[in-house]
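Dear colleague,

I am passing on the structure we spoke of, with the sequence alongside. Please keep it open while you read the notes underneath.

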Amino acid sequence: MKFSATGGTDIELLEEGTYTGLCTVIADLGLQPGSQQFPAPKRKVWFQWEVVGETINIGGENKPRVVSQEYTASMSPKSNLRPMVEAWRNNVFKTDGDAEEYDISALLGKPCLLTVKHSKNGKYANVGAVMGLPKGMKAPKGEIEPFLYDTENDGTLAKLPKFIRDKIEGQLDPAVAFPPPP
């Protein structure tokens, strides 16, 4: 079997730095395979932010610039999601119960500050941190209409980028990933 070595598009990376952003997509990716370091399957969630005021030329058309980040769907204090949500809200959860009760879809359309860092190989612009806006800073207006994807909101699947649709469509079946003990 042979495969193409081309594909995708080389786009100019967003410069490293701090930007104003708006959350445009929150998508439940379902149960995804684990990593080499942590092999157990985990439920994942994907966030996309519009980088307000930044555009990119795609096919001769200027479009709003976006960045995204995938998180394990856990509000544990040791997770990456909970500290990000707390920093964005400018408010630490008082208890684990408060964190568990928080509906992350409340962040959809909300403004923030984004720290963008380049990957070690220099190919990707990654979200390094998400923070709430400073007091007195006016919330920016974006161009992208925010939306939520979850299993109950299946009509928005087509609006997601192909690589995210592929992840969702390839999610693991919990019954297969975690078979009951004999």
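The notes below go through one helix, one strand with its partners, and the cysteines.

Please bear in mind throughout that this is a predicted model.

I began with helix H1, which spans residues 81–89 and in which Leu81, Arg82, Met84, Val85, Glu86 and Trp88 are buried. The buried residues of this helix pack against a list of elements that takes in strand E1 (17–32), strand E2 (42–58) and strand E3 (61–72), together with helix H2 (96–101), strand E4 (111–118) and strand E5 (125–131). Just after H1 comes asparagine 90, whose phi is positive, near 55°.

Within H1, glutamate 86 may be worth your attention, since you may want to know whether this residue is buried or exposed. Its relative accessible area is 13%, and glutamate 86 therefore counts as buried, given that the cut-off for that class is under 20%. Leaving aside residues up to four places away in sequence, glutamate 86 touches Asn91, Val92 and Phe93.

Strand E1 is mostly covered, with 14 of its 16 residues buried, and I followed its pairing with three other strands in turn. With E2 it runs antiparallel, the two being joined by 10 bridges, and in this pairing glycine 21 stands opposite valine 51 of E2. With E4 the sense is again antiparallel, over six bridges, and here leucine 22 stands opposite proline 111 of E4. With strand E6 (residues 147–149), by contrast, E1 pairs in the parallel sense over three bridges, and the bridge partner of isoleucine 26 in E6 is leucine 148. When you look at side chains along these strands, it may help to recall that in a regular strand they alternate between the two faces of the sheet.

Finally, how many disulfides does the structure hold? There are zero, and cysteine 23 is in no disulfide, its nearest cysteine sulfur, that of cysteine 112, being 7.4 Å away. Why does cysteine 112 form no bond with cysteine 23? The sulfur of cysteine 23 is the closest cysteine sulfur to that of cysteine 112, but the separation of 7.4 Å is too far for a bond, because a disulfide calls for sulfur atoms within 2.5 Å. As for exposure, cysteine 23 counts as buried because its relative accessibility is 0%, and cysteine 112 is likewise buried, with a relative accessible area of 0%.

With best regards

Notes
Residues numbered from 1 in each chain as written. Predicted model: local features only at pLDDT ≥ 70, side-chain atom pairs only at ≥ 80, totals over all residues. Heavy atoms only, no water. Buried < 20%, exposed > 50% of the residue type's maximum accessible area, 1.4 Å probe, protein only. Helix = DSSP H or I, 4+ residues; strand = E, 2+ residues; numbered from the N terminus. Contact = heavy atoms within 4.5 Å. Pairing = 2+ DSSP bridges.
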